[in-house]
Amino acid sequence: MLQLPKVIGHRGAAAYAPENTLESFREARYRGATWVEIDVKLTADGVPIVMHDPSLERTMGVDRLVAETRAADLPKAVPTFEAAIDCFRELGLGCNVEIKPCEGREAETARVAVETLRRRWPAALPAPLLSSFKDASLRAARDAAPEFARAVLIDALEDDWGKRAAAVAAVGVNTNGKKLTALRAVEIRKAGYLLSVYTINDGDVAKALAGMGVQCVITDAPDVIVAALI
Ligand code: G3P
Ligand code: MG
């Protein structure tokens, strides 16, 4: 059974270091996180890397699409998924691996991500949690590697959330904490799912969400939320 922590550092500790970098993962650990959330997508040559946006522009200042860039041509600060996993091994960090495919690569990205996890995820670390906004990615992950626990990632929950979660045999629901209602939280917990929220950086808001039954808070500022919840 998946053991989720109460706090997960979003893209590492995005409030304090450049998001989705090794520096950010170290910062998250330093600030009390025991897990981090990262976004995984594929380069032009099919290498899984840690990057949120389809383009390198916002975070790296390079006006180029990830899907059109070979791994060898990436800026040095962009970690491969393998380098990120090695960093987690060194730091003792667990991970929520968000599969964040470039358009049209939903299944392929999931398959490469789980193949990498099978090969490289350290047995000494807690088992990872996969999540994605793309149900096609979660389906592909389930088919290729059912052993990795999955969570549906849904920004604003609709009445079909249970159907979507069941369709990919998810164990969890990850949702936008600012849009979650108490009624919906109760419904999800009663149905037996783990409930996580993003991206909450205020301690009082985190406490209120925990009071609604939220088990895990994904945050840019792990020190703030650890101080509030732990
Ligand atoms: O996985 C939680 C959160 O990261 C989802 O949204 O856009 O920050 O990847 P985003
Ligand atoms: Mg994410």
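I began with the lining of the largest pocket, which by class has four nonpolar, six polar and five charged residues. Here Ala, Val, Leu, Ile, Met, Phe, Trp, Tyr, Cys and Pro count as nonpolar, Asp, Glu, Lys and Arg as charged, and the others, Gly among them, as polar.

I noted that this is a predicted model, in which local features need pLDDT of at least 70 and side-chain atom pairs pLDDT 80 or more, while totals for chains, interfaces and linings use all residues. Residues are numbered from 1 along each chain as its sequence is written, chains are lettered from A and ligands numbered from 1 in the order written, and side-chain values use heavy atoms, without hydrogens and water.

I looked up the volume of the largest pocket, which is about 170 Å³. Of its 15 lining residues, His10, Glu37, Glu98, Tyr198 and Thr199 are the closest to the centre. Strand E2 (35-42) and strand E4 (94-99) each give the lining at least two residues.

I then turned to ligand 1, which sits in the largest pocket (more than half of its atoms lie within 2 Å of the pocket's grid points). Its surrounding residues (a heavy atom within 4 Å) include His10, Arg11, His52 and Lys100. The shell comprises three nonpolar, two polar and five charged residues.

I checked oxygen atoms of ligand 1 for polar side-chain partners: one lies 2.7 Å from Glu37, one 3.2 Å from Asp39, and one 2.8 Å from Glu98. Ligand 1 alone exposes 290 Å² (Shrake-Rupley method, 1.4 Å probe), of which the protein buries 90%.

How values were computed: A polar contact is a pair of N or O atoms within 3.5 Å; within protein, one must be able to donate a hydrogen and the other to accept it, and residues adjacent in sequence count only if both atoms are side-chain atoms. On a 1 Å grid over the protein atoms alone, a cavity is a set of points where a 1.4 Å probe fits but cannot get out, and a pocket is an open set with protein on both sides within 12 Å along at least five of seven lines; lining residues have an atom within 4 Å of a point. Grid points are joined across faces, edges and corners, and a volume is the space filled by probe spheres set on the points. Helices (H or I, at least four residues) and strands (E, at least two) are DSSP runs, numbered from the N terminus.
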